[in-house]
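Here is my note on the charged and aromatic contacts. Please read it with the structure open.

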Amino acid sequence: MFPSPILSFIELYKGFFETGILTVALTTSLGRIGLGFALAVIIGSILGIILATSKLADETLGSLVVALQSVPSIVWLPLALVMFQGGTTAILFVIVLGGTWPMTMNVRMGIKNVQPLLIRAARTMGYKGYELIWKVMIPASIPSALTGVRLSWAFGWRALMAAELLGRGGLGRTLLDARDFFNMELVIAIMIIIAVIGLIVEYCIFNPIERKVLTRWGYAK
Amino acid sequence: MFPSPILSFIELYKGFFETGILTVALTTSLGRIGLGFALAVIIGSILGIILATSKLADETLGSLVVALQSVPSIVWLPLALVMFQGGTTAILFVIVLGGTWPMTMNVRMGIKNVQPLLIRAARTMGYKGYELIWKVMIPASIPSALTGVRLSWAFGWRALMAAELLGRGGLGRTLLDARDFFNMELVIAIMIIIAVIGLIVEYCIFNPIERKVLTRWGYAK
Amino acid sequence: MSEVKINHVGKTFENKQEQTSYTVFEDIDLHVKSGEFVSLLGPSGCGKSTLLNIVAGLDKASTGTVLVGNREVQGPGVDRGVVFQEAALMPWMTVLENVMFAIKKRYSKEEAKKRAIEYLKLVHLSKFIDSYPHELSGGMKQRVSIARALAMDPEVLLMDEPFGALDEQTRSMLHKEVQYIWEQTGKTIIFVTHNIRESILLSDRIVLMGVRPGGIINIFDVAFPRPRKPADKEFAQLEEEISQQLAGEIEKVMKEEMGDDYHSQKATLLYSSHRNMGDHI
Amino acid sequence: MSEVKINHVGKTFENKQEQTSYTVFEDIDLHVKSGEFVSLLGPSGCGKSTLLNIVAGLDKASTGTVLVGNREVQGPGVDRGVVFQEAALMPWMTVLENVMFAIKKRYSKEEAKKRAIEYLKLVHLSKFIDSYPHELSGGMKQRVSIARALAMDPEVLLMDEPFGALDEQTRSMLHKEVQYIWEQTGKTIIFVTHNIRESILLSDRIVLMGVRPGGIINIFDVAFPRPRKPADKEFAQLEEEISQQLAGEIEKVMKEEMGDDYHSQKATLLYSSHRNMGDHI
Amino acid sequence: TSTSGSNTEDEVRIGYFPNLDHAAAIVAKEKGYFEEELGERGAEFTHFPNGNDFIEALETGNLDIGYVGPGPAINYFLTGGDIVVLGAAANGATLIVAREGSGIETLEDFGGKSFCTPGNGCTHNVQLEMMLKELGLESNRVGGTVEHQSRIAPANMVAMFEQGQIDAAAAPEPWGTYLVEELNAHVVTEWDNVFLGQTLASVVVVTSTQFLEENPEAVDAVLRAHKQAVDYTQGNTEDTLETINNHLYDLTQNRLPETVLENAWSRMAVTTETHADALQAWADASYELKFMDKEPNLDGFVDTSRLDAILNQ
Ligand SMILES: Nc1ncnc2c1ncn2[C@@H]1O[C@H](COP(=O)(O)OP(=O)(O)OP(=O)(O)O)[C@@H](O)[C@H]1O
Ligand SMILES: Nc1ncnc2c1ncn2[C@@H]1O[C@H](COP(=O)(O)OP(=O)(O)OP(=O)(O)O)[C@@H](O)[C@H]1O
Ligand SMILES: [Mg+2]
Ligand SMILES: [Mg+2]
């Protein structure tokens, strides 16, 4: 029953070039994760900024965030289904729920950790409110936000896989079907796809950005 | 079919004081999350430190972390079952997998963002290697690590709920059973429990620590 | 139009966690006339930066009020430019961007750039306009922040040891520049320094602050005309006078610190000839 | 035993992203004898801190080697104590803990504490030993870092503008203390300053560094005996000589900066009387 | 809750599981019977991994009609859910198997052993526990000596059998047979000997009363296609199995071994024969086993009148 690596690669080949089921599933999933991730990052950033800058929000809305973030995706699914009549929206909702918290928490901490001196300096230059956040706090917290983006991406994927059990296609669903019908090689093939996408995004996007940011912000050795 | 809040509280009462199923499930889950969370924080910190301090590790082990972190818990479950003969160990494994990455990434970024000047100063005082990490890098990255701990806790819970599908009791299991029998009030009751635990931990542990740290580190206004 | 009235201002830092509090100064009363150049002088830790920050609107006074041009200070504003004791540059911006950042709300982009470069030239950094702060030396960072405050062209200029990290030649060049700007534009300037000569050279009045308890000890009018020369008799006299008073303050601290040790052998060796050596640099 | 030999050291900063590089200095050759007190003097940005960091083992020289007591410098070590230009205190430690942190590897806990308090007293901070760095003024932070370096009692002391943020009285007190320690223990001291008087007062030799291209311009022996007084004829003569050379360096920079503007009206107004005003503070 | 469910312009959304006992659904889908019968309205298919998700989709108006196991349907109905059974699609298909070397030969040997089921209180769970109860054995869920692990997905069952982590399983087809054929598991009780074995539906066709009232023609069309497919499977075993295997291949790039398929096929009956009394008996058993806390009343749950009408044509 233990899957063979070679057979996994054969499954990978078949799935992309013969049956095409992986091509279809991947396209579906990528579309979802792309949109969901973007939404998670945007919503997470906004929430994080609000929590970091308003004490009131941190103590009210913040509690809600804290309370809700440990509730697993599977619990959200039925709720999402009711709230959004379409399955696709429900899936998006679950991805967003998965990816938003890490972003929120990291942006929040990033902003809280901005050197007070920088904010003071900017305030003497007439920056306040929205502009202060946009032009000083956010850039200053970018190294921390980057970690949030990374985690958002990872947990977005995880949530996507859980959400695709809903039965609307995608890699998550294919993975489950493959598991139920003992095609362990296909399971491994899908894991490889997920891992490879993770690596591509890391090496083509996150890593270069991080290196640039750390150099520019003066943290590199 | 929409669950009623009042009935949910009745379920809560029944579960704790009449049938006792929530008491039992909660105890089981708390034991697991406690151990799993502790392990996730420790392993995540160690991994984060290694990735942040060794460029080689960041480029090899780091890739692995990146590649694996988007793989969802449900995929790990069968693997965990095979690897660990006991279901409890498998559940722990899944919790640890869920909670480790946020910790790793946050500790890594926290350490990378330590002001180089502090490290330089410590080096002139004869600190290096292990001691430098332990006495300078780790304390300096505590604000960032705190976010990691928070996320670790949240995602540990999420993973626990998914892992308890394995059928060894616990809140996750009770939740799913309740769902199977369409006892939505009990589902809500369990969500309330999760949320309340999240709030308690936040307000009795994370929040006071954070406030102390931010004041002491000089970030508070 | 933009005089600064510091009315009975006091500042106490509360440490909530340990239930302690530290009073830096009480009841500071100082009226800086419009267009006046006032220096703050005093031992380290006496509250010069704190007072400046209160005027800047960055810290809240525990008691009393500050009026700038008859408006009570409630927060920071572009009417008051600040050179901080530490450079306070945005690490993600180049030198040029840092200076432009401070003025681009008031000038068009090209104008802001022109102006920024002009002031960066003034502090001899035109070769480094594309460098990031972490690529600069300590003195260079300080110069960027001076250029930034000057470029902002505020009515009131609050400068906290702006020239501390500069070599004497650059410093003396900037003295002239600041004086030139001050004369041309009639700015009100409050200037923190440790350098008695610098304060005499530049100011209309010198405010000497003390410590434990903090507050104003004395205010010196620098009555003789500019340009002033350290070799002038009046200059030297005033310098000596201020120096004596400051030395008295320090000695007080020293006595407190050393306690019974103050008359011990080593202490005597170290401090006995203190007043006589005259190396007030 | 712990002489410092700087052999043909050069330093170039590479900017990999933009494929540019900036050479701070080339071929610096300086032998500091054991027990010698050497000052580094030079315009802001000439590479004084960079050179100090290379000796400290914190930066790598691009060319050349540094030997401390015949061992090549490969990295930092407790034989070389450093006072950084910025205070470099650990924000999560109290003042006392910061000083103890530097010495607790060598002393038992009680001894370290005793020693730390002793040196904190010396810099007049015994009332603030339980404060955190963010609760201190700029000068106080600097004093903590001086106390820390002195408490470490290293063979070679590298000090980067340690007294820049201090008032003159405290500074003069610390001058005496450093001299006392130096005489008693025979430490080798390399001391960066912008203050010509300070350097003459303290050093055996003064190294004057220049900029564009960087490197050593001149080395002055301070041949007359201690204690030195600024009023002495030799003192004033040397001060004037160094000042002139430094002014020449600055003027060079200024010409480069201003380009054609150098002879423009405003520039003339600002800089023309430069050499004659003599306010070298 | 649903408005889209009543919109006659929409395609009819049909749900099923990619599984052997859903043969009627798969054949009707693959051969185009549904589209043929529905004509202009057309059909849209969704396949589900478990009954709960199916019910959720139905409840939230994301599904109109489809094939599902009776367990989730009954549970849903009993909590007041809007669901109606239109007829059976298959009966049987539950197998009780024991791991090789588990020491279980007959049901009597279950004392102190462990077994797993795909769901808690699912069809197979109730069937097995009912039989155990007659022998005086109870699950640890109600304080007995037999350890029960539920929610074990078929793939995990295989892993657990391999690892020796579980002794037995009440498994739906084709996984029961798979365990037998591939892992040498031992059949403890054949499908026709389990509690209600031959009569209990393993798949039923369900819809919501709302959809039924608003779209009677569509329901009839689906049922006609259903009947046609059942007839086809009964006459063409070989082609049916191939159709199913191809369908599985489309989803998973994998075919079940022929022997597994064939043997599993013989352990079920794809049929339109609906035994409402068996469903009631099953629900009563579930209550008796304390899966439910109210006495089940399935009045109005089964309405075969439309299917009967079609069968009688
Ligand atoms: N990381 C770096 N990248 C590029 N250039 C750098 C970097 N660090 C320093 N420099 C350059 O090296 C030169 C020397 O810097 P250094 O800090 O040694 O000057 P300094 O003599 O100490 O000046 P100051 O008196 O202002 O402290 C400066 O021109 C600076 O721009
Ligand atoms: N956040 C704070 N909490 C407690 N005490 C503080 C805080 N900030 C400043 N202080 C205290 O206030 C006093 C005055 O500080 P301030 O920075 O104004 O001194 P200063 O006159 O500018 O000194 P220096 O010349 O060294 O810069 C110091 O004794 C310092 O310890
Ligand atoms: Mg100050
Ligand atoms: Mg320097």
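**Charged and aromatic contacts**

1. Start with Asp79(D). Its relative accessibility is 17%, so Asp79(D) counts as buried. Its side chain meets that of Arg80(D) in a salt bridge, 3.2 Å from N to O. Arg80(D) is buried too, with a relative accessible area of 5%. Keep in mind that this is a predicted model.

2. How many salt bridges does a search of the whole structure find? The search gives 50 over all chains. Some of them share partners: Asp58(A), Arg108(A), Lys112(A), Arg150(B), Glu202(B) and Glu210(B) are joined in this way into one network.

3. Next, a contact between chains A and B. Glu210(A) forms a salt bridge with Lys112(B), and the closest N and O atoms are 3.7 Å apart. Glu210(A) sits in helix 10 (residues 184–216) of chain A and Lys112(B) in helix 6 (residues 87–112) of chain B, so the pair joins two chains. Buried or partly exposed? Glu210(A) is buried, at a relative accessible area of 4%. Lys112(B) has 22% relative accessibility and therefore counts as partly exposed.

4. Chains B and D are also bridged. The side chains of Glu131(B) and Lys105(D) meet in a salt bridge at 2.4 Å, N to O. Glu131(B) belongs to helix 8 (residues 129–140) of chain B, while Lys105(D) is in the loop between helix 2 and helix 3 (109–122) of chain D. Lys105(D) counts as partly exposed because its relative accessibility is 41%.

5. Now the rings. The structure holds 28 aromatic pairs over all chains. In one of them, Trp217(B) and Trp92(D) have ring centres 5.8 Å apart and planes at 25°, so the pair is stacked. Trp217(B) lies in the segment after helix 11 (184–216) of chain B, and Trp92(D) in the loop between strand 6 (80–83) and helix 2 of chain D, so this pair joins two chains. Both residues are buried.

6. Chain C offers an edge-to-face pair. The rings of Phe37(C) and Trp182(C) are 5.6 Å apart, centre to centre, with 85° between the planes. Phe37(C) is in strand 3 (residues 37–41) and Trp182(C) in helix 5 (residues 168–185), 145 residues apart, so to speak of distant parts of the chain is fair. Phe37(C) and Trp182(C) are buried. Ring pairs link them with Phe163(C) and Phe191(C) into a cluster.

7. Last, the surface. Glu18(C), Glu97(D), Asp130(D) and Glu135(D) gather there in a patch of negative charge. Glu97(D) is part of helix 2 (residues 95–103) of chain D. Its relative accessibility is 35%, so Glu97(D) counts as partly exposed.

Methods: Residues are numbered from 1 along each chain as its sequence is written. Chains are lettered from A and ligands numbered from 1 in the order in which they are written. This is a predicted model: local features need pLDDT of at least 70, side-chain atom pairs count only at pLDDT 80 or more; totals for chains, interfaces and linings use all residues. Side-chain values use heavy atoms; hydrogens and water are left out. Patches are made of residues with over 30% relative accessible area and no salt bridge: like charges are joined within 9 Å, nonpolar side chains (Val, Leu, Ile, Met, Phe, Trp, Tyr) within 5 Å. Accessible areas come from the Shrake-Rupley method with a 1.4 Å probe; for residues, only the protein chains shown count as cover. A salt bridge is a side-chain nitrogen of Lys or Arg within 4 Å of a carboxyl oxygen of Asp or Glu. Lys and Arg count as positive and Asp and Glu as negative; His and the chain ends are not counted. The place of a charge is taken as NZ of Lys, CZ of Arg, CG of Asp or CD of Glu. Helices (H or I, at least four residues) and strands (E, at least two) are DSSP runs, numbered from the N terminus. Buried means under 20% relative accessible area, exposed over 50%, partly exposed in between (1.4 Å probe, protein chains only). Rings of Phe, Tyr and Trp (its six-membered ring) pair if their centres lie within 6.5 Å; planes under 30 degrees apart count as stacked, over 60 as edge-to-face and the rest as tilted.
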